[in-house]
Amino acid sequence: MTTAEISLSADEARRAALSAQALLGAPDRRAGVRGLLRRLGAVQLDTISVLARSHELVPYARLGAVGRSAVESAYWTGGHSFEYWSHAACILPVEEWPHFAFRRRERRARGHRWHILEDRDRACALVRDRLKADGPLTTTELGGGKNGGEWFDWSDTKIAVEWLLDTGEVVCAERRGWKRVYDLAERAVPDELLHDDIDDHECMRRLVAQAGAAMGVATRSDLADYHRLKGEQVDAVLPDTDLVPVEVEGWGKPAWADPAALENSPRGRHRTTLLSPFDSLVWDRPRTQRMFGFTHRLEAYVPRPKRIHGYFAMPLLSGGRLLGRVDPGREGRTLLARQVSMAGRKAVVPMAKALWEAASWVGCDEVRVGRCDDPELAGALAHALTEGPADARTGKG
């Protein structure tokens, strides 16, 4: 490893990360959702919808109250993005199609993912023919996704089309009502991007460089986790990227920074907002703990009696710090803060502002707090919600 000649304080590293993630400074509204997607490189998808689905919450956190229909349109129209396996199932800018050639080749070499079909060639041929003649189509339009059993009791058609998606013959560049819409890659991906011409090394180099730019400052494990690469894959390509070795106060391990993150000390206004648990700022739990001293865990799949912070606890970001979390819900035109925890009085007004802004965004005109883990802070929050600054209630500022 190259010895780091640049030292960053923990605060400098945190600000660089927030700036890279578009959470520090004025939002780039002209670039909009598509520009944000290109900047982040990946936006995670998830089935859970509380205030909204996670892929909607990510641009909301950075751009403010952009219309939800506008978010969906930005992602799913015009051929600007596609869905594939990155950090998890993610929306990716179409320019990244070549970068994942290594993963498509890997899937083809493995021969299957979860399901094995006795006559896969025939099932795949039927899917290709339907898409060629009638596509783009959902699984239902192709003939149905399940055999009638458990969740993963997939039909032959579903197994075939997902295999073709994994290996790159088929692409999902649209969703309708949360259903994947499949099309032939040769029709949906621009020809100059379509072919798997770059080798695995170049794929990794581009993905590591992109991850470094999206995080600002990152360790080896951070860089690997962003697109779910292996540590040795990162090691093999790091010298061929423009990322610069740095030493970060308190991290205790080597790190690398994007040169753009080092050019100027990031300045501007910090965003006060609620983050999706799947937001790329916090999706890597060890990084979140290291950078913010904040233990973050999604408890949606934890049995209710064992939950600590709630079903879909959303971290509160304010002043460049994670100051608490809230488990939100909706009841008619009321936003419910079902469970709230805050890091002292400094978090009260930001929490009130974030709740009112989120309420306004999803069409609620009332905020009601359920449980707060500190009775004194609960009273302060109730007061801030009713008598706090006007900008907290209007979503401005």
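This report walks through selected local features of a predicted model.

## Confidence in the model

Let us begin with how far the predictor trusts its own result. The average pLDDT of the protein is 91, and 94% of the residues score at least 70. The stretch to treat with care is residues 388–397, where the pLDDT is below 50. In the model this stretch has 15 contacts beyond near neighbours in sequence, so please read those contacts with the low score in mind.

## Helix H1 and the residue after it

Helix H1 covers residues 10–20. Its buried residues are Ala 13, Arg 14, Ala 16, Ala 17, Leu 18 and Ala 20. As general background, an α-helix has 3.6 residues a turn, so residues three or four places apart point the same way. Just after H1 comes Ala 22, which takes a positive phi of about 65°.

## Ala 52 and its surroundings

Ala 52 sits in the loop between strand S2 (43–44) and helix H3 (54–63). With a relative accessible area of 0%, Ala 52 is buried, because anything under 20% falls in that class. Once neighbours within four places in sequence are set aside, the contacts of Ala 52 are Leu 57, Arg 68 and Trp 361.

Two of those contacts also have a relationship with each other: Arg 68 lies over the face of Trp 361, at 6.0 Å from the ring centre. Ala 52 can also be placed relative to Gly 329, which is 277 residues away in sequence and 9.9 Å away in space, C-alpha to C-alpha. Another arginine over a ring is Arg 104, which lies over the face of Trp 97 at 4.0 Å from the ring centre.

## The S3–S4 hairpin

Strand S3 takes in residues 81–85, and 5 of its 5 residues are buried, so the strand is largely enclosed by the rest of the structure. In a regular strand the side chains alternate between the two faces of the sheet. In S3, Ser 81, Glu 83 and Trp 85 point one way, while Phe 82 and Tyr 84 point the other way. Both sets are buried.

The partner of S3 is strand S4 (residues 89–93); the two pair in the antiparallel sense over 5 bridges. A hairpin of 3 residues joins S3 to S4. If you would like one bridge to look for, Ser 81 has Pro 93 in S4 as its bridge partner.

## Thr 219, Arg 290 and their neighbours

Thr 219 belongs to strand S8 (residues 217–219). Its relative accessibility is 1%, so Thr 219 counts as buried. The side chain of Thr 219 makes a polar contact with the side chain of Ser 221, at 3.0 Å. Leaving out neighbours within four places in sequence, Thr 219 is in contact with Trp 251, Lys 253, Pro 254, Ala 255, Trp 256 and Arg 290.

Arg 290 is found in helix H15. Its side chain makes a polar contact with the side chain of Asp 222, at 2.9 Å. Not counting residues up to four places away in sequence, Arg 290 touches Thr 219, Ser 221, Asp 222 and Trp 251. Trp 251 therefore appears among the contacts of both Thr 219 and Arg 290.

## An aromatic pair across the chain

The structure holds 6 aromatic pairs. One of them is formed by Phe 278 and Phe 312: the ring centres are 6.3 Å apart and the planes are at 50°, so the pair is tilted. This pair links distant parts of the chain, 34 residues apart. Phe 278 lies in the loop between strand S11 (273–274) and helix H15 (285–292), and Phe 312 lies in the loop between H15 and strand S12 (314–318). Both phenylalanines, Phe 278 and Phe 312, are buried.

## The five-stranded sheet

An open sheet is formed by 5 strands in the order S11-S12-S13-S14-S15, with mixed pairing. S11 and strand S15 (366–372) are the edge strands, and each pairs on one side only. Within the sheet, strand S13 (residues 321–331) and strand S14 (residues 334–342) pair in the antiparallel sense over 8 bridges. Arg 325 stands opposite Ser 341 in S14.

## A partly exposed loop residue

Lys 230 is in the loop between helix H12 (220–226) and helix H13 (231–237). Its relative accessibility is 48%, so Lys 230 counts as partly exposed. Lys 230 and Leu 274 are 44 residues apart in sequence and 31 Å apart in space, C-alpha to C-alpha.

Note on methods: Residues numbered from 1 in each chain as written. Predicted model: local features only at pLDDT ≥ 70, side-chain atom pairs only at ≥ 80, totals over all residues. Heavy atoms only, no water. Phe/Tyr/Trp six-rings, centres within 6.5 Å; stacked < 30°, edge-to-face > 60°. Helix = DSSP H or I, 4+ residues; strand = E, 2+ residues; numbered from the N terminus. Buried < 20%, exposed > 50% of the residue type's maximum accessible area, 1.4 Å probe, protein only. Lys NZ or Arg CZ within 6 Å of the ring centre and 35° of its normal. Contact = heavy atoms within 4.5 Å. Pairing = 2+ DSSP bridges. pLDDT = per-residue confidence, 0-100. Polar contact = N/O pair within 3.5 Å; in protein donor to acceptor, adjacent residues only side chain to side chain.
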